[in-house]
Amino acid sequence: MKGTAFVDGIALWSPRLPGWEAAAPVLRGEAPPSEPQPRPAPALLAPTERRRAPDTVAIALEVAAAACQASGVDPKTLPSVFASTQGDLAISDYLCRTLAENAGEVSPTKFHNSVHNAAAGYWTIGTGCMLPSTALSAFEHTFGQGLIESLSQVAADATPVLFAAYDIAAVGPMATVTTSRGLLGAALVLAPARSARSVAQLAWRVVRRGDLPTEEPLPAGVADSVAGNPLASALPLYRALARGAGGASVTLGPHQALLLEVSACR
Amino acid sequence: MPAPIVPLRITAHTATSAAGRGRAALLEALRTRSTGLTPNDFGAAPLPCFIGRVAGLEDAPLPARFANWECRNNRLAWLGLQADGFLEAALAARARYGADRVALVLGTSTSSIGASEEAYRALEPDGSYPPHLRRPIVHTPHSLGDFVAAALGLEGPSVTVATACSSSAKVFAQAERLIRNGVADAAIVGGVDTLCGSVLYGFNALGLVSPEPCRPFDPERRGISIGEAAGFALLEKRDAAAPGAGPWLLGYGESSDAHHMSSPHPEGLGARLAMADALARAALAPEAIDYVNMHGTASQKNDEVEAQVIAAMFPATTRASSSKGWTGHTLGAAGIVEAVVTLLAIEHGFMPGTLNARTLDAACGPQILLDNETRAVRHAASNSFGFGGNNCVLLFGAAGTA
């Protein structure tokens, strides 16, 4: 129940950590930028689509494209794993509200954008990638389950894989029950073998949660920037990547976790 | 092309849909050509269409210990687990391998969004959910996986795959990888989707819902009939199998159309890639495939494209059909329900025809069956294609093929 993969590309985006270049120093302890950025406008979408795209699609495509660009790997050659705890909560709010008020007025576009794999679909259409793509959810353990499926594909089929996770804010009545704030996307390009592109080695092991070491708290600037987003649990791994070395863990469920060890390749 | 996989043994499987609870009821409905589709009576102002509704869910609350997960989708999951002794088989696997060595990979399209819809119809004056629906776990896609993990007492990987109508086919692929990598020794896969306003009104807004029971591959087909279903399968390694064991998961193929969110690639390129991958993983040629259970939704575009793909890829001796005239399109559960239909074909030497179709579209080759046919089935495939251009083909084999 262990393995090793190589990180060829890293991407992270939230309004106060807008891109890996900006986020890495904050993860190492520097102060975050004072002005939050508006939502990203991924170049992969046509200008009209860029404005109309759901938030989930905008954030997912932004980090997916940034991770591919950082790795120098052609997105067409990468199977992809997309993971989101809640999917597009704004569209879910719209659908539930419209169904309660006037069901006959449901927008066909909003409906087909409501599928959990909408971002995966737009990604494969935008990049012309015909390789497999999946979309997962595992409540509080979504990042961990997305990461282990990605590592599992890397190991099983000896292929590099794009992994992108994202969650957006709950709105409307949904926000009274579902806790999800802000906009957060995190992506990695993972490869089975070390290459000139590799920036870090990622050793992984499935462990019982009771066996996890105590985790060092995140710098306040990071914790505040992503507070309330379900994917904040991914940040210790990104801190280790920003430092170039170190341990981190993500939960896989109530009982298991992935123990991760990052070491530098460059 | 991918390398062949070591086949996985399917040691238990079950499906519950409008065509009946469990395999025997489904097989009987298929043999007697009795549809499960009925006039739509779901919700306060039902659209004029036909649905595949599972009878009795309203009167089947979850046991009190599972009250936190109470909702229509999890009720159907629980009902589905009771059929064919699946619950007992799953618990025996847990005891045999250990609770953290059995992975749970389930598919759904809308999970329990019906509970969120219900909350929005009954909001409190301050805009909050009514008290009985203030349970975050039923308002999230993983409601399904979390419930079944709790119901089975599993402690290993538990994840919900949501790639629209290919969801519960892709679970077989993900589970195979987890087992191959040693993350689990066995896996429970499956899927559950239930009727809800989102899918009925959403597909209707897209102009895809038929006013009559769906007629896959009929030149006069008018669209889909939406259904609900639950299904499960237990996957175990080959090395634990007795001689003569089966049936088997021999291969799977996944691909993306990279074409359009809600319309298939016009030449079915993604579907062809998925089929070719499945054949490669099973190390089989198209000539070896006796039966294909097609996606066959009865939408204009899907059927036209899929019929062309089958005609182009398979010899005239291969048989193919859509079983959606019995169950309706069960969306995120279609993959597992049709995997079970395909396994029934293998186990009983019986291939269902295409119910409700009177004649066949000109795009259909000689492979597509209108009437049921009795013939030994050694190797069979099941197609599942979803929105976002998400494709998955599963390949199964009879005892003696692995």
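Colleague: What percentage of the 402 residues in chain B is buried?
Modeller: This is a predicted model, where local features need pLDDT (the predictor's confidence in each residue, from 0 to 100) of at least 70, side-chain atom pairs count only at pLDDT 80 or more, and totals for chains, interfaces and linings use all residues. Residues are numbered from 1 along each chain as its sequence is written, while chains are lettered from A and ligands numbered from 1 in the order written. Call a residue buried if 20 or more other C-beta atoms, placed from the backbone, lie within 10 Å of its own, exposed at 12 or fewer, and partly exposed in between. On that count, the buried part of chain B's 402 residues is 65%.

Colleague: And what is the mean pLDDT of chain B?
Modeller: In chain B, 100% of the residues reach 70 or more. The mean is 97.

Colleague: What is the radius of gyration of chain B?
Modeller: Chain B holds eleven helices and 16 strands (DSSP runs numbered from the N terminus: H or I of at least four residues, E of at least two). The globule rule, 2.2 Å times the number of residues to the power 0.38, gives 21 Å for 402 residues, and chain B comes close to that, so it is as compact as a globular protein of that length. Taken over C-alpha atoms, the radius of gyration is 20 Å.

Colleague: At what angle do helix 6 and helix 11 of chain B pack?
Modeller: Helix 6 covers residues 167–180 and helix 11 covers residues 334–348, with their axes 5 Å apart. Axes are lines fitted to C-alpha atoms over the stretch in contact, and angles run from 0 to 180 degrees between N-to-C directions. The angle is about 75°.

Colleague: Which residues of helix 11 of chain B does helix 6 of chain B meet?
Modeller: Here contact means C-beta atoms, placed from the backbone, within 7 Å. From helix 6 of chain B come S167(B), S168(B) and A169(B). Their partners in helix 11 of chain B are A334(B), G335(B), I336(B) and A339(B).

Colleague: Is helix 7 of chain B largely enclosed, and how many of its nine residues are buried?
Modeller: Its buried residues pack against helix 4 and helix 5 of chain A, together with helix 4 (113–121) and strand 8 (226–227) of chain B. Helix 7 (residues 197–205) of chain B is largely enclosed by the rest of the structure, because its buried residues number nine of the nine.

Colleague: Which helix supplies the largest share of the side of chain A that touches chain B?
Modeller: The contact takes 56 residues from chain A and 61 residues from chain B. With eight residues, the largest share of chain A's side comes from helix 7 of chain A.

Terms used
Contact = placed C-beta atoms within 7 Å.
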